[in-house]
Amino acid sequence: MRTFFFLFPMLLASAWLHAQKVLQIEKYGNPRAEKIFIGDPVTYQLKGEDIFHDSYIEDIRVEDSLLVLDDRYVNVFDISALRYERTWPRATGISLFWFGIGWSGFAAIGTALDGNDDTKYRWSDAVVSASALSLSFAIPRLFRNKTVKIGKRRRLRLLDLRFKQEPWED
């Protein structure tokens with residue numbers, strides 16, 4: 001009985017809730033699709049162009065196959081590629097930076113404080129630190145963006161997920 005009193009108001013409330021319009025990226029053979037909502041930033045490349053444009057989606061017109069961006073209208077069929085910012089390269093670069101600093105610092109402190117004259121800061125310590133520091137600057141620059149080409153295996157689809165009332169229900 002308690003579940004009835006919980007579920008019944010939820011069912012009534014769902015009739016008044018409205019879904020939204022989305023830009024969906026579908027990949028052939030993959031049941032999951034990636035969704036981009038109104039208000040999200042999008043970086044796209046148009047067919048026949050070499051540059052990428054940055055913008056925000058202000059509206060989606062499903063019936064016209066148009067994306068209303070903050071500076072223009074773009075037909076979905078004219079988009080040839082999308083670009084995403086990756087987060088893991090920056091995190092990996094920060095981790096490698098502190099690893100290199102830590103390796104060199106602990107090797108220097110250990111050499112200075114161990115009381116043994118036979119142990120020294122070696123070239124191998126400097127090589128590990130230098131390679132970690134150089135990779136910490138190179139990885140974020142090499143793997144910053146992921147470019148998804150729209151074509152045979154991927155396609156864009158505009159969806160209107162709003163609840164539509166029938167004309168006789170007004």
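These are my notebook entries on a predicted model, taken one topic at a time.

**Entry 1: the overall layout**

I began with the chain as a whole. It has three helices and nine strands. Going along the sequence, I wrote down the pattern α-β-β-β-β-β-β-β-α-α-β-β. I also looked up burial: of the 170 residues, 24% count as buried.

**Entry 2: the hairpin of E1 and E2**

Next I turned to strands E1 and E2. They form a hairpin, and five residues lie between them. In that turn I stopped at Gly29, which has a positive phi of about 85 degrees. The two strands pair in the antiparallel sense, over five bridges. To find the pairing in the structure, I looked for Val22, which stands opposite Phe37 in E2.

**Entry 3: a look at Gln24**

I stayed with E1 a little longer, as Gln24 is found in this strand. Is Gln24 buried or exposed? Its relative accessibility is 9%, and buried means under 20%, so Gln24 counts as buried. What does its side chain touch? I found a polar contact between the side chains of Gln24 and Glu26, at 2.8 Å. I noted a general point beside this: in a regular strand the side chains alternate between the two faces of the sheet.

**Entry 4: the six-stranded sheet**

Then I followed the open sheet, which is formed by six strands. Their order is E6-E5-E4-E3-E7-E8, and the pairing is antiparallel. Which strands stand at the edges? They are E6 (73-75) and E8, and each has a single partner strand, so one side of each is left without a neighbour in the sheet. I also looked up the twist: ignoring direction, neighbouring strands of this sheet are turned by 45 degrees against each other on average.

At the E6 edge I checked the pairing in detail. Strand E5 (residues 66-69) runs antiparallel to E6, and three bridges join the two. If you would like one pair to find for yourself, try Leu66, whose bridge partner in E6 is Asn75.

**Entry 5: the largest pocket**

I moved on to the pockets. The largest pocket has a volume of about 200 Å³. Its lining is made up of Ile36, Asp40, Pro41, Val42, Thr43, Asp54, Leu82, Arg83, Tyr84, Glu85 and Asn145. Two strands, E3 (41-46) and E7 (79-85), each supply at least two of the lining residues. Which element gives the largest share? It is E7, with four residues. Sorted by class, I have five nonpolar, two polar and four charged residues in this lining.

**Entry 6: the second largest pocket**

The second largest pocket holds about 150 Å³ of space. I listed Ile25, Glu26, Lys27, Asn30, Arg32, Ala33, Glu34, Tyr84, Lys146, Val148 and Arg154 as its lining. Strands E1 (21-27), E2 (33-37) and E8 (145-149) are the elements that give two or more residues to it. The largest share, three residues, comes from E1. By class, the lining divides into four nonpolar, one polar and six charged residues.

**Entry 7: looking across the entries**

Some names came up again as I reread my notes. Tyr84 is in the lining of the largest pocket and also in that of the second largest pocket. Glu26, the contact partner of Gln24, lines the second largest pocket too. E8, an edge strand of the sheet, is among the elements that contribute to that second lining.

Conventions. Residues are numbered from 1 along each chain as its sequence is written. This is a predicted model: local features need pLDDT of at least 70, side-chain atom pairs count only at pLDDT 80 or more; totals for chains, interfaces and linings use all residues. Side-chain values use heavy atoms; hydrogens and water are left out. On a 1 Å grid over the protein atoms alone, a cavity is a set of points where a 1.4 Å probe fits but cannot get out, and a pocket is an open set with protein on both sides within 12 Å along at least five of seven lines; lining residues have an atom within 4 Å of a point. Grid points are joined across faces, edges and corners, and a volume is the space filled by probe spheres set on the points. Ala, Val, Leu, Ile, Met, Phe, Trp, Tyr, Cys and Pro count as nonpolar, Asp, Glu, Lys and Arg as charged, and the others, Gly among them, as polar. Two strands pair if DSSP finds at least two bridges between them. Axes are lines fitted to C-alpha atoms, for helices over the stretch in contact, and angles run from 0 to 180 degrees between N-to-C directions. Buried means under 20% relative accessible area, exposed over 50%, partly exposed in between (1.4 Å probe, protein chains only). A polar contact is a pair of N or O atoms within 3.5 Å; within protein, one must be able to donate a hydrogen and the other to accept it, and residues adjacent in sequence count only if both atoms are side-chain atoms.
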